[in-house]
2 protein chains.
Amino acid sequence: MKNITSGLEDYLEEIYIANINNKPLKGAELARLLNISRASVSEALSRLVAKNLIIYNSYETIQLTALGLEEAKKVYEKHNTLKKFFETVLEIPQKEASENACKIEHVISQNILNKMAEFIDFYEKNKTTLEKLRKENSQK
Amino acid sequence: MKNITSGLEDYLEEIYIANINNKPLKGAELARLLNISRASVSEALSRLVAKNLIIYNSYETIQLTALGLEEAKKVYEKHNTLKKFFETVLEIPQKEASENACKIEHVISQNILNKMAEFIDFYEKNKTTLEKLRKENSQK
DNA sequence: GTTTATTGTAAGGCATGCCTTACAAATTGT
DNA sequence: ACAATTTGTAAGGCATGCCTTACAATAAAC
């Protein structure tokens, strides 16, 4: 009853992002953003309502419940950490970093995310040293 | 017709591992390894046969086709790279590293995997320096 | 206020992927 | 050879998650 599938997490995340940007979000717009049919969104929103993650009345703006907000934030933060890690440490281009983060955010453990965040911190604090080292390494 | 779902990739991987270890693998054993019912395995094997990834006749050993071997290897290598990256760079315990690799291997891009492999290499060649740096950092 | 556009959803479909039950077929042990 | 074990699978179910078609309800534009 509590467990959220990765599909639903995607909906939550998108709703959350709309929230942050103060863009009122209706089902049809969500369908456009996620590139799926209105009918599918309609079903998904019902599931989200059933799980007490959103408040939704037809033709009105979709709203996150406290629980939904919490979950959405988690996913969003996971996404960001992954993206940043890929960009900073692995030098992956933005788009690819983001696309991969979208998928991995649903399956990776919190512990690894924390370690990634730590590593990003470490990497940035020692950027000069590390980049010099890496350059040397690649020349050998 | 070509695309393989992550579910099927798991089957392939397990078959491949049995192959490596010279352990003849039948459906029932696969069911035990993956912790699912024989019936589900039976279905999955049909799908794998249909996709020309395995050769399978009831009551005989499951065999990979050339195509299946290729796919299985890819997944297996992804798994190993991920696991090693988590263990080496992020200091994640073996079990957790492996569990996460199992899920991420199905969704991550080859390019990121390559960068991870490179980074592992760099990290190991400069282990002493890097670990000293990290220790200093954590004390601040 | 009425037409037009947007939004929502019911109905019926399809694939994946898992389950249990129950029986059939093959293999093993003695 | 025959019984016991193992293996395979058909049938019927369930949930997720996507689709299209077609219609209903609401909102926006004129």
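Biologist: How do the residues of the surface near DNA strand C divide into nonpolar, polar and charged?

Modeller: This is a predicted model, where local features need pLDDT of at least 70, side-chain atom pairs count only at pLDDT 80 or more, and totals for chains, interfaces and linings use all residues; side-chain values use heavy atoms, with hydrogens and water left out. Residues are numbered from 1 along each chain as its sequence is written, while chains are lettered from A and ligands numbered from 1 in the order in which they are written. "Near" means that a heavy atom of the residue lies within 4 Å of the strand; Ala, Val, Leu, Ile, Met, Phe, Trp, Tyr, Cys and Pro count as nonpolar, Asp, Glu, Lys and Arg as charged, and the others, Gly among them, as polar. On that basis, the split by strand C is 9 nonpolar, 8 polar and 5 charged.

Biologist: How much of what the protein meets on DNA strand C is sugar or phosphate?

Modeller: Count the atoms of DNA strand C within 4 Å of the protein, and bases make up the rest once sugar and phosphate are taken out. The sugar or phosphate share is 61%.

Biologist: Which side chain has a polar atom 2.9 Å from a phosphate oxygen of DNA strand C?

Modeller: A polar contact is a pair of N or O atoms within 3.5 Å; within protein, one must be able to donate a hydrogen and the other to accept it, and residues adjacent in sequence count only if both atoms are side-chain atoms. Gly27(A) reaches a phosphate oxygen of strand C with a polar backbone atom, at 3.1 Å, and Tyr59(A) uses its side chain on a base oxygen, at 3.3 Å. The side chain at 2.9 Å from a phosphate oxygen belongs to Tyr11(B).

Biologist: And which helix gives the most residues to the surface near DNA strand D?

Modeller: Helices here are DSSP runs (H or I, at least four residues), numbered from the N terminus. Around strand D, Glu43(A) has a polar side-chain atom 3.2 Å from a base nitrogen, and Ala28(B) puts a backbone N or O atom 2.6 Å from a phosphate oxygen. Elements giving two or more residues include helix H1 (6–20) of chain A and helix H2 (27–34) of chain B. With 4 residues, the top contributor is H3(A).

Biologist: How far apart in the chain are the salt-bridge partners Lys84(A) and Glu124(A)?

Modeller: A salt bridge is a side-chain nitrogen of Lys or Arg within 4 Å of a carboxyl oxygen of Asp or Glu, and the structure holds 14 over all chains. In this one, the N to O distance is 3.8 Å. Lys84(A) sits in helix H4 (residues 66–88) and Glu124(A) in helix H6 (residues 110–125), so the bridge links distant parts of the chain, with a separation of 40 residues.

Biologist: At roughly what angle do the axes of H6(B) and H7(B) cross?

Modeller: Axes are lines fitted to C-alpha atoms, for helices over the stretch in contact, and angles run from 0 to 180 degrees between N-to-C directions. The axes of H6(B) (residues 110–125) and H7(B) (residues 127–139) come within 5 Å and cross at roughly 85°. That makes the two helices roughly perpendicular, a label for 65 to 115 degrees. The crossing angle, then, is roughly 85°.

How values were computed: Angles under 35 degrees count as roughly parallel, over 145 as roughly antiparallel, 65 to 115 as roughly perpendicular and the rest as oblique.
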